[in-house]
Structure formats: structure tokens, C-alpha cells
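Take the model below in two steps. Start at the nucleic acid, then turn to a pair of helices.

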2 protein chains.
Amino acid sequence: MPPFDTEAARTRLLDAAEELFYARGIRSVGMDDIRTGAGLPLKRVYALYPAKENLVEAYLERRDVRWRARLAAAVDAVDEPRERILAVFDWLGAWFREPGFRGCAWINGFGELGSVSPAMARLARAHKQAFADYLDGLVAAAGLRADVGPQLLLLAEGAMVTAGIFGTDAPAVQARAAAAALLRPA
Amino acid sequence: MPPFDTEAARTRLLDAAEELFYARGIRSVGMDDIRTGAGLPLKRVYALYPAKENLVEAYLERRDVRWRARLAAAVDAVDEPRERILAVFDWLGAWFREPGFRGCAWINGFGELGSVSPAMARLARAHKQAFADYLDGLVAAAGLRADVGPQLLLLAEGAMVTAGIFGTDAPAVQARAAAAALLRPA
DNA sequence: TAGCGTGGAGAACGCCCGTTTCCCGCGTAC
DNA sequence: GTACGCGGGAAACGGGCGTTCTCCACGCTA
């Protein structure tokens, strides 16, 4: 059973899972929906991930890697340390404008399952901690006071939530403006 | 059937629904859990709200009124216009510290059901719009530039989300400090 | 006291969904 | 050509849940 096109099947499975879970939420998506989306027999789905929870974890872990890589790539296109911080919010705006944007997968997942699934709570905390650490690094590299980092995190999280609920990218430019104000020396 | 202690029953029902829905999410809570929590026969539950969705709406509407009233009461204890804005974040901190705090009921509900329930999406937007309008009012009363209002909204939303995920009240003081910086003239 | 209706408790129904199992067809080996 | 085994599709199973229905105990009326 193992050596077929297992890796290709895994990719298609995660692609289908990501599209469906992100668009509709986790509980709203049945394993049958995913099987249909991936074009895989249910038997193979369960051979790759023995339970739905494992598939959810794999989806969030892959998305975490990709999301942070895309953010880092956008930031790395900029040199000046303070501009790099603002680039975070520019990239958020680009993300908000993507078709199908529905807010942050971890905030949504935490709201849906955080109190009922320790795994979901852990993944959400890990992702947000990594994002917070990344922002702290940018702040340190710019020689700014350390307490600006958490403040930028709040702006970014607020922008994600607000953009998701209202379906507009305006929060990105509002957050960017607020961030620029916070970067000015006291 | 109508004139018994219908209003008392309705209150107990909404109390139980609020406690359970907020703590565990909406789909994780069964009508039987609510019936047990309220100590009401299922027949009476369905007499008061013909479907779960109606009960969810009633829960969110009552919570909306109460949440905004509590916020307004905390703000109204302060006179100076800029201090009133900061009082918002002080009150958020007090809220975060309450036992059982699990983030914002509308953010969580939107993440869980926003894409699958138009009613949930509408309620979340209405609540957040009302909060945004309230902040805009405080900003106008303080004679500040209008674009500070949405920035404060992002800080507050980000604080709710981050406090919910990490289970700490630190975001309230971080958001308060950021807000204070934004209130300083450019 | 006999009859009636009202309200409470929980069983029952139908549906959905995560997971497992069955069966059939095809390719391979001898 | 035939037996074997593997993989695919889908049906089956078990549990949970929203909603409805049944049954019984109690209180009022003549």
C-alpha cells in the first residue's frame, strides 16, 4: 500500500482539506467532502491520516509554515528596518485582498474548537507565539523599545479579525498607519 | 401555556445558554445540555425558541446589550475625554481577568459559523459595528482625528483575541499603552 | 369522586458524520 | 487460463444531536 504516489496523494489531500477547512470551518466539513475534493478513496485518506484530528493538525502545520514564509518573503524584499515593520502590514493588506480571505485560520479554529480540543488550542498558541516572536525580532532589529512588539501584534491581530468579519482590507491600512505612529520615538 | 413563569424560564434558559455557548462554542453544546443547565423540560425550551438558531440569536443579542452597557458604565465613571478612551482598555483588562474569559463571543462565533450561517455573520458585524461606532464617538468627543477611532478598534480587537488565546490579561495593558501613544498629537 | 386538561420527563425519530468493512474488477504470476 | 491479491467505490455501522411525540401524574371542576 505505501509506495504508490503517496506523496502526491498527500498533497492533494492537504490541498482539499485546506481549501475546505479554511472556507467553512472545521466541524462544518465532513470527511466525505474532503475525499470528494481530493478525489481520493476514503480508505487512502484514512491510511494517510488515521483520524480527522490528524488531518486538521497537518493542515494547520503546513499552513503555518507557508504563511510565515510568505510573510517573511514580503518583509525580506525591504531593507530599512522600520520599513520592514511596515511591510508586515502591507503584506497583510495583500493577504486580505485575496479571494476567499476569511480571517485567520488559527483565530477561527481557536474560536471554534479552542475550548474543546487541546490540540487546536496548542496549535493556535504556537502559531501566534511564532508570529509574536517574529515581530519582536523586527522591532529589535530596528532598535526600538521592546514593548512595541506586542503592540504591533495587537494591531495585526485586530486587523485580521476586523478584515475577516467585515470583508474589507481597510484594516490593513489603518493598522499600518497606527504602526507608523508607534514607531516614532516617544 | 403562556402565562406561567415564562419570563423567569426565559431568563434561566438564556443564562444557561450563555454560560454553555460562551464556554464551549455553539456546535459543541447540545440542546440537552442547555435543558439540563436551565432545569427546564425540553418542551418548554422549544416553546420559547422554536429552534436552536433562535436561541443562539437571543443569547447573542442579550449579551450584546449587556456587554456594551458594562463598557459604557466603566467609561462613564471617567470625565476627561482622553481618559475615557483609556478607560475602555482598563475595562477590557478587567473583563479579561474574569474567570471563564474565553475571548470575544462574536469573534469566536464568527470563526465557527460565520461562513455557514448568515445570521451569525450579521450578528457579529452588527456587534462590531456598534463597538466601532462607540469608539468613534469617544474619539470625536476628545477632539481627535477621526482616523484614530478605527485604530483603537484594531487594538481592542487584537487584545481580545490575544488575551483569549493566551489566557492572559497582558494585552489589555499593552493595548492601553499603544492607545495612549496614538492619542498624542502627531 | 370522576373526568379532563395541562405540564413534566424522557423516549423516539431522522439525519448527519466519523470510521470501518465489504465487494468487485483488474493486473500479475505460474 | 486460472488463481491470487491489491486497490477503488460505496455501503454499513455506531454515536450524537436537533426536534417531536408519548405517557403519566397532578390539579381543577361539577
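What follows covers the surface near one DNA strand and then one helix packing.

This is a predicted model, in which local features need pLDDT of at least 70, side-chain atom pairs count only at pLDDT 80 or more, and totals for chains, interfaces and linings use all residues. Residues are numbered from 1 along each chain as its sequence is written, chains are lettered from A and ligands numbered from 1 in the order in which they are written, and side-chain values use heavy atoms, with hydrogens and water left out.

DNA strand D is surrounded by 13 residues (near: a heavy atom within 4 Å). The closest are K43(A), R44(A), M31(B), Y46(B) and K52(B). Sugar or phosphate supplies 64% of the strand's atoms within 4 Å of the protein, and bases supply the rest.

Three side chains place an N or O atom by a phosphate oxygen of strand D. For K52(B) the distance is 2.6 Å. For R44(A) it is 2.7 Å. For Y46(B) it is 3.0 Å. Two elements each give two or more residues to this surface: α3 (42-48) of chain A and α3 (42-48) of chain B. The largest share, three residues, comes from α3(B).

Now the helices. Two packed helices are described by the angle between their axes and the distance between the axes. α6 (residues 105-113) and α7 (residues 118-141) of chain A pack at about 155°, axes 9 Å apart. α6(A) and α7(A) are therefore roughly antiparallel (angles over 145 degrees). W106(A) and F110(A) are among the α6(A) residues that meet α7(A), whose partners include L123(A) and H127(A) (contact: heavy atoms within 4.5 Å).

Methods:
Polar contact = N/O pair within 3.5 Å; in protein donor to acceptor, adjacent residues only side chain to side chain. Helix = DSSP H or I, 4+ residues; strand = E, 2+ residues; numbered from the N terminus. Axes fitted to C-alpha atoms, helices over the stretch in contact; angles between N-to-C directions. Parallel < 35°, antiparallel > 145°, perpendicular 65-115°, else oblique.
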